Amino acid sequence: MADDLFKALADPTRRTILDELSEKSGQTLFEICARLSMKHQLGISRQGVSQHLALLEAAGLVETRREGRYKFHELNTAPLRQIAERWPVPDTSEPEEITP
């Protein structure tokens, strides 16, 4: 598991971008910027958002595809599953048996 995954998740703006892509995957840079500005009142430049997206892409959390002159960004949750598999949460739904 790469350190860049944790670095990508450490920033609140990048987590907000992931939230937006979770809500509506396949957005262009323009759409992401508009949603961050209108919905979250984040005053961040297109270049700033683009840099965040590049870091998220490097961490494997965002995948891109090109259609003509447009670049679409999609959420990839596979790296997040790697975290859950590395540190599984024990099932606490059943009481543990205590052996004397």
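Helices are DSSP runs of H or I with at least four residues, and strands are runs of E with at least two. On this basis, the predicted model contains 5 helices and 2 strands. Along the sequence, the elements follow the order α-α-α-α-β-β-α. Four helices thus precede the two strands in the pattern, and a helix ends it.

The overall dimensions were examined next. The C-alpha trace spans about 70 × 25 × 20 Å along its principal axes. The radius of gyration is 18 Å. A compact globule of 100 residues would have a value near 13 Å. Of the 100 residues, 30% count as buried. The accessible surface comes to about 7100 Å². Carbon and sulfur atoms contribute 51% of that surface.

Contacts were then sorted by sequence separation. Among those between residues at least 6 apart in sequence, 52% join residues at least 24 apart.

The protein carries 13 positive and 16 negative charges. The mean positions of the two sets lie 13 Å apart.

The structure holds 1 aromatic pair. Tyr-70 and Phe-72 form this pair, with 6.5 Å from centre to centre and 45° between the planes. The arrangement is tilted, because the angle falls neither under 30 degrees nor over 60. The two partners were also assessed for exposure. Tyr-70 has a relative accessible area of 48%, so this residue is partly exposed, below the 50% cut-off for exposed residues. Phe-72 has 16% relative accessibility and therefore counts as buried, under the 20% limit. The pair thus joins a partly exposed tyrosine to a buried phenylalanine.

Methods:
Residues numbered from 1 in each chain as written. Predicted model: local features only at pLDDT ≥ 70, side-chain atom pairs only at ≥ 80, totals over all residues. Heavy atoms only, no water. Phe/Tyr/Trp six-rings, centres within 6.5 Å; stacked < 30°, edge-to-face > 60°. Buried < 20%, exposed > 50% of the residue type's maximum accessible area, 1.4 Å probe, protein only. Rg over C-alpha atoms; globule rule 2.2 N^0.38 Å. Contact = heavy atoms within 4.5 Å. Areas by Shrake-Rupley, 256 points an atom, 1.4 Å probe, with all protein chains shown as cover. Lys, Arg positive; Asp, Glu negative; His and termini not counted. Charge placed at Lys NZ, Arg CZ, Asp CG, Glu CD.
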